[in-house]
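Let's take a walk through a structure with several chains and look at how they meet. Have the 3D view open as you read.

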Number of protein chains: 4
Amino acid sequence: MAELPSEPSGWLSKNELEHVREHLPVLYVNVVPVRVDSAGQVTEVGLLLRADDNSIHRALIAGRVLYHERIRDALIRHIEKDLGSVALPRIPASPNPFTVAEYFPTAGVTPFFDSRQHAVALAYVVPVDGDCEPSQNALDIVWITPEEAASEEVLADMTGGQDTLLRRALAHCGMLP
Amino acid sequence: MAELPSEPSGWLSKNELEHVREHLPVLYVNVVPVRVDSAGQVTEVGLLLRADDNSIHRALIAGRVLYHERIRDALIRHIEKDLGSVALPRIPASPNPFTVAEYFPTAGVTPFFDSRQHAVALAYVVPVDGDCEPSQNALDIVWITPEEAASEEVLADMTGGQDTLLRRALAHCGMLP
Amino acid sequence: MAELPSEPSGWLSKNELEHVREHLPVLYVNVVPVRVDSAGQVTEVGLLLRADDNSIHRALIAGRVLYHERIRDALIRHIEKDLGSVALPRIPASPNPFTVAEYFPTAGVTPFFDSRQHAVALAYVVPVDGDCEPSQNALDIVWITPEEAASEEVLADMTGGQDTLLRRALAHCGMLP
Amino acid sequence: MAELPSEPSGWLSKNELEHVREHLPVLYVNVVPVRVDSAGQVTEVGLLLRADDNSIHRALIAGRVLYHERIRDALIRHIEKDLGSVALPRIPASPNPFTVAEYFPTAGVTPFFDSRQHAVALAYVVPVDGDCEPSQNALDIVWITPEEAASEEVLADMTGGQDTLLRRALAHCGMLP
């Protein structure tokens, strides 16, 4: 989950947060932004194009839940951060995530890996109706069909297990081929 | 589920359908229409006011799934039938119902009862954004808060177990007090 | 869904049932039997080996819900039919299926296809603790790891879209690679 | 969520943990232990009897997820802590909680309140098959029917919004009257 540098600092200092990351699981949200047709069926999946270190990869929206922040508000904040302020996200009525992604700092414990921390992400599929424009943290946003999103080529460009998360999202929406 | 008279006949004659209703479970959808705020939280629940026999009661949207009809399309059709054509429903991306209501012709097998048939209803919460106007089958549509919807007074006006269904919908959305 | 010949007739004659199948969606259950470890994690998936016409394929448990039968009881009946009477299935406490599979008699409407009928199947993952032995309808039951179950080789042996259903089940359990 | 004193310290000192609790949401699990019949239907709900300060109340199982601990393992650990080591819990195959309870240190933001911290709890219904005996932290475990569990009398004995959580659990299992 590469969004760390862009994360607001909350009310812990950077040093404190780094210390905590080595001692407690940190709560995250993951979002799979989608376009849907009038019958609710997913027609497109939005992926961020991010440059990290010396590679470019595709990523889902991800970010920390802050102290005294509702999950609903964390979802809105991170979607705005990555897709801009006119994306018009449809935050789900139910608080239930479609899956829970447990990112471990040790590879292989779960399908999810984050070298910096133990992060537990509640994952949601969120339809967006408005215009999306990449923020400073993403080079671009690409919209691809569910079939393309499930292809090996696309999934290979994702890191930390987000390919697994994307497949689970497609399965949840009945769109995994 | 009192919408029977308004149900299209599908491709079975009325006599045939009556015969089938005594021999096979019939597939239905149930819809709890809601208004949500920008964070996705339910602010209002829509209930139909129906006159049946010699009483008036509150009801959810309900109707049969027809032969060769997708559940998504059955949802749209029944929402249009009861809320009009400009309700702008947001059909969920996932096909998963929030609950399954098994209406038995015998009271007490499940919380759901339908004297005419064994009906199995897949139930969905559907946010609607547009204007809603009652069709010929409903006297009116009332929008009430989740707190009101969970009150004994409102629930007592519902029949066949739809009060139970409504409570499950509120619980699913995190809005059952 | 190849279990048709082994299906009990309910209370409709065979001719009547054939007629209905051409006019109404028929309610089914689909079951993915699994073995789990003490932490609940899926370790093995059970697939039936069936001979149909002149080919052999792998299949999930599938069968019709009868008139006046609860879904819970249909699950038990079909699991017993295919895995024997000492499989000790753990029927889920919640009635919510992990997905809904809409089998259409026309290919391409959904990922699911059944030439004989429009069937709507509520699908459940059911852990089984006991001994399983193939019934008269299955040649054998094979238990494979989630990784094997998600392999192209295994999925290619499934028909009617049950490979898609199996992938969705694995995704739901957090076991889709 | 009154289990705080009995919580293992993880790898943060007590002072550090107290500091973190004022700056970050802390990840918890909540468990509703149930007895089920052979068809999976909930027959009894287990509630802990706890003495806090100068009152006695009923409580669900609750506890923190530790650093580098899987949610599945946190569930087992907290169930063992409260129900003993031979409760034989059936941890769900799916990682999806039936709801997410956001406990805020400020009353009224959500239905859940915890004066000590902002805790986000993933909530699961877990059938237990074995013998349960109260640990040192609970005075007793009582098993009551779903109808009793939904009664005002029982719900009034719960604190911090756990009555709401219990109702959501019953609704999820199709057992909320």
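How many residues of chain B are in contact with chain D? Keep in mind that this is a predicted model. Eight residues of chain B are in contact, and they touch eight residues of chain D. If you want to know where on chain B to look, go to helix α5 (residues 162-172), which supplies five residues, the largest share of that side. Sort the chain B side by class and you get two nonpolar, four polar and two charged residues.

Now for how these two copies are arranged. Two copies of a chain are related by a rotation about an axis and a shift along it. Here, turning chain B by 180 degrees with 0.0 Å of shift along the axis lays it on chain D, with an RMSD of 0.0 Å. The two copies are therefore related as by a two-fold rotation axis. Both copies use the same surface, too: 100% of the contact residues of chain B recur in chain D. Want to find the axis? Look for Ala171(B), whose C-alpha comes closest to it among the residues of chain B, at 3.2 Å.

Next, hop over to chains A and C. The axes of helix α5 (residues 162-172) of chain A and helix α5 (residues 162-172) of chain C come within 9 Å and cross at roughly 120 degrees, so α5(A) and α5(C) are oblique to each other. Their crossing is left-handed. On one side you'll see Arg167(A), Arg168(A), Ala171(A) and His172(A), which meet Arg167(C), Arg168(C) and Ala171(C) on the other. By class, the residues of this contact are two nonpolar, one polar and four charged.

Terms used: Residues are numbered from 1 along each chain as its sequence is written. Chains are lettered from A and ligands numbered from 1 in the order in which they are written. This is a predicted model: local features need pLDDT of at least 70, side-chain atom pairs count only at pLDDT 80 or more; totals for chains, interfaces and linings use all residues. Two residues are in contact if their C-beta atoms, placed from the backbone, lie within 7 Å. Helices (H or I, at least four residues) and strands (E, at least two) are DSSP runs, numbered from the N terminus. Ala, Val, Leu, Ile, Met, Phe, Trp, Tyr, Cys and Pro count as nonpolar, Asp, Glu, Lys and Arg as charged, and the others, Gly among them, as polar. Axes are lines fitted to C-alpha atoms, for helices over the stretch in contact, and angles run from 0 to 180 degrees between N-to-C directions. Angles under 35 degrees count as roughly parallel, over 145 as roughly antiparallel, 65 to 115 as roughly perpendicular and the rest as oblique. A crossing is left-handed if the near helix is turned anticlockwise from the far one by less than a right angle, and right-handed if clockwise. Copies are superposed by least squares on the C-alpha atoms of residues with pLDDT of at least 70 in both.
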